[in-house]
There are 2 protein chains.
Amino acid sequence: MPQAELLKLLEGIADEAIGMDSSVVPLKYPGLFLISTTDYFYPSVDDPYVQGKIGAANVLSDLYAMGVVDCDNVLMILAESTDMSKEERHTVTSLMIKGFHDLVQEAGSRVTGGQTVMNPWPIIGGTAMSTCKQEDFIMPEHAVEGDVLVLTKPLGTQVAVNVHQWISIEAKWSRVSDFMTKDDAERAYQVAMDSMARLNRNGARLMHKYGAHAATDVTGFGILGHSRNLARNQKAAINFEIHSLPIIKHMKEVNEKVNFKLMEGFSAETSGGLLVCLPANKVEAFCKEIEEIDKHPAWIVGRVVKSEADRTQNTSKIVDNPTIISV
Amino acid sequence: MPQAELLKLLEGIADEAIGMDSSVVPLKYPGLFLISTTDYFYPSVDDPYVQGKIGAANVLSDLYAMGVVDCDNVLMILAESTDMSKEERHTVTSLMIKGFHDLVQEAGSRVTGGQTVMNPWPIIGGTAMSTCKQEDFIMPEHAVEGDVLVLTKPLGTQVAVNVHQWISIEAKWSRVSDFMTKDDAERAYQVAMDSMARLNRNGARLMHKYGAHAATDVTGFGILGHSRNLARNQKAAINFEIHSLPIIKHMKEVNEKVNFKLMEGFSAETSGGLLVCLPANKVEAFCKEIEEIDKHPAWIVGRVVKSEADRTQNTSKIVDNPTIISV
């Protein structure tokens, strides 16, 4: 749902939570907090097992963005498509459940329940929760001037998923065939799937190690939508400046033919990377260590600058002619 | 989704949870448990505010069935219908959110987050969670021979919702017009709505006060489906015998014309009552007190009998010619 419409609907109900990826509730047991998040969406990749993993990576990511490393349990949210035959449905759903289950296990947690319904469109997602002490999570509100922004996964997953669907549709493929091959599209799709199905858990661990000041994950509202939410949530009067965009190879060119708002920063990502706000002197070590552990790079994408306005005016922008990093 | 299909899909993943309405996870903090549940469905009543309340009552009920009285927080699960105009959608969704929010507040809890998507069919529901000590919840597994089963809301909500839709469809209405008036249908619908939108929280409180041995809530699988799940979850070799069915007035007769499997015990209920297994000497006081507090009666509907078979064969049945209580 469009962000503006959603905010209007939730006016006066959940507005304190804007900029936070998870709910944080202090418990009646002194020193303990219950952190929880729910997220679900419609499958976009054609491998149901990978789709299940993406569904799990995506909901867990909301905990990781708060620096929560250990998830107590996950409830699975699932809808089977009414458009499939019973056999298709059984096969597809079994694989989605297996993928979801396997990735939750990889995250050191477990699926302990959930709800499954029938729906015209299939749905996959869940609720993840963790009871924590104060030191186990990082409130996304301590960014200061001079901090550096790091992104841990590339942008362009939605574009890659779409261009992959065009391979077999000549009218659509012809729009992009002058600058890329079908193998390029397959490769971009594979990079996107690997990225979406990968846990952001190491990012959460390193946020503690390197003293991150704030973080969010980049999903449906794009890097600019989420970084604006994060900027607004800061206690200091600051702005974010995004100066670099790591983008899956060829997706910038695809976006020039069919506008996904990728360059404006509003292209939706699924199970995107963590956008982490780090002290400048810790950034290099963070990036080096996460690449060692995850076997995938993270990129410096921006910085935190002082704002002369009131902190309620905090925002984020992409600079003119940002550096494009082809991934 | 049909129960058998669902169980097959979940084989080897969540089978330990059958018969439990919520997930129970022991935490790393000694003596603490995280109890959580997720539930969502498609709206069935034409008042979106009441529908929101029903969505909240329904998800909270899974906690109450475990004797959990206090919910820490709720995440809301919502889908707006793609079939509505933007204006309709905004009005309907705002009212659903308000109803959901108001009932969660009435339950002494709060909505701290959630997820909203667009979908062909609207969806309402949520995840409810509570961190508890051992004495705050009742594992549904201690039924013994001689126990008595009490039901705290009447059956027939799905039938009442359907017959209400027939009022304006002459071909359908004519099937039932010889034994009921349109006012009767309106009254049955009102009874069903009030019932579905009512919290089971007092039932959870009284389960502790009167030493309940086990409980579940009656929802999509009907009274027999849920009581069978509950019977299977017991540690003793027992069976349940349902001897009485409290049914919303006229719905038994409607069910004779159009079979909802109400008399077989499989008619789906939405946000149904608690089915509580109580020591025989506590039943009367439980029923008396819940009627005083809730201003609605509860009914003795069955008993727990010894089984000669292995406990894995535990089951529940409705006796021949059960007593029908017209509500």
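Me: What makes the crossing of helix 7 of chain B and helix 10 of chain B right-handed?

Reply: This is a predicted model, so the answer is computed from predicted atoms. A crossing is called right-handed if the near helix is turned clockwise from the far one. The crossing of helix 7 of chain B and helix 10 of chain B is right-handed. The two helices pack at an angle of about 145°, and their axes are 10 Å apart.

Me: Which residues make that contact, and how do they divide by class?

Reply: Helix 7 of chain B gives B:N202, B:G203 and B:L206. Helix 10 of chain B gives B:F286, B:E289, B:I290, B:I293 and B:D294. They divide into 4 nonpolar, 2 polar and 2 charged. Watch the glycine: Gly counts as polar here.

Me: Why are helix 2 of chain A and helix 3 of chain A called oblique to each other?

Reply: Look at the angle. The axes of helix 2 (residues 48-64) and helix 3 (residues 86-106) of chain A cross at roughly 40°. Roughly parallel needs an angle under 35 degrees, and roughly perpendicular starts at 65. An angle of roughly 40° fits neither, so the pair is oblique. The axes come within 6 Å, and helix 2 of chain A passes helix 3 of chain A in a right-handed crossing.

Me: What residues make this contact, and what classes are they?

Reply: From helix 2 of chain A, they include A:G52, A:G55 and A:A56. From helix 3 of chain A, they include A:M96, A:G99 and A:F100. By class, the contact has 12 nonpolar, 4 polar and 3 charged residues.

Me: How do you know whether A:R228 is buried or exposed?

Reply: Count C-beta atoms. A:R228 has 23 others within 10 Å. The cut-off for buried is 20 or more. A:R228 is therefore buried. A:R228 lies in helix 8 (residues 222-232) of chain A. Leaving out residues up to four places away in sequence, A:R228 touches A:T315 and A:S316. A:K317 is 89 residues from A:R228 along the chain, but their C-alpha atoms are separated by 7.9 Å.

Me: Why is A:E253 called partly exposed?

Reply: Same test. A:E253 has 17 other C-beta atoms within 10 Å. Buried needs 20 or more, and exposed needs 12 or fewer. The count of 17 falls in between, so A:E253 is partly exposed. A:E253 is found in helix 9 (residues 251-257) of chain A. Beyond its neighbours within four places in sequence, A:E253 contacts A:F179 and A:M180. A:G203 is 50 residues from A:E253 in sequence and 29 Å away in space, C-alpha to C-alpha.

Me: Which residues of helix 4 of chain A are buried, and what do they pack against?

Reply: In helix 4 (residues 157-166) of chain A, the buried ones include A:V159, A:A160, A:V163 and A:H164. The buried residues pack against helix 6 (182-196) and helix 9 of chain A.

Me: What makes A:A215 stand out in the largest nonpolar core?

Reply: Its contacts. The core has 186 residues, and A:A215 is one of the six that touch the most other members. Outside four places in sequence, A:A215 touches residues including A:I138, A:M207 and A:L274.

Me: How many residues of chain B are in contact with chain A, and which element gives the largest share?

Reply: There are 41, in contact with 41 residues of chain A. Strand 4 of chain B gives the largest share, 9 residues. By class, this side of chain B has 22 nonpolar, 16 polar and 3 charged residues.

Key:
Residues numbered from 1 in each chain as written. Chains lettered and ligands numbered in written order. Predicted model: local features only at pLDDT ≥ 70, side-chain atom pairs only at ≥ 80, totals over all residues. Axes fitted to C-alpha atoms, helices over the stretch in contact; angles between N-to-C directions. Helix = DSSP H or I, 4+ residues; strand = E, 2+ residues; numbered from the N terminus. Contact = placed C-beta atoms within 7 Å. Core = buried A, V, L, I, M, F, W, Y, C linked by C-beta atoms within 7 Å.
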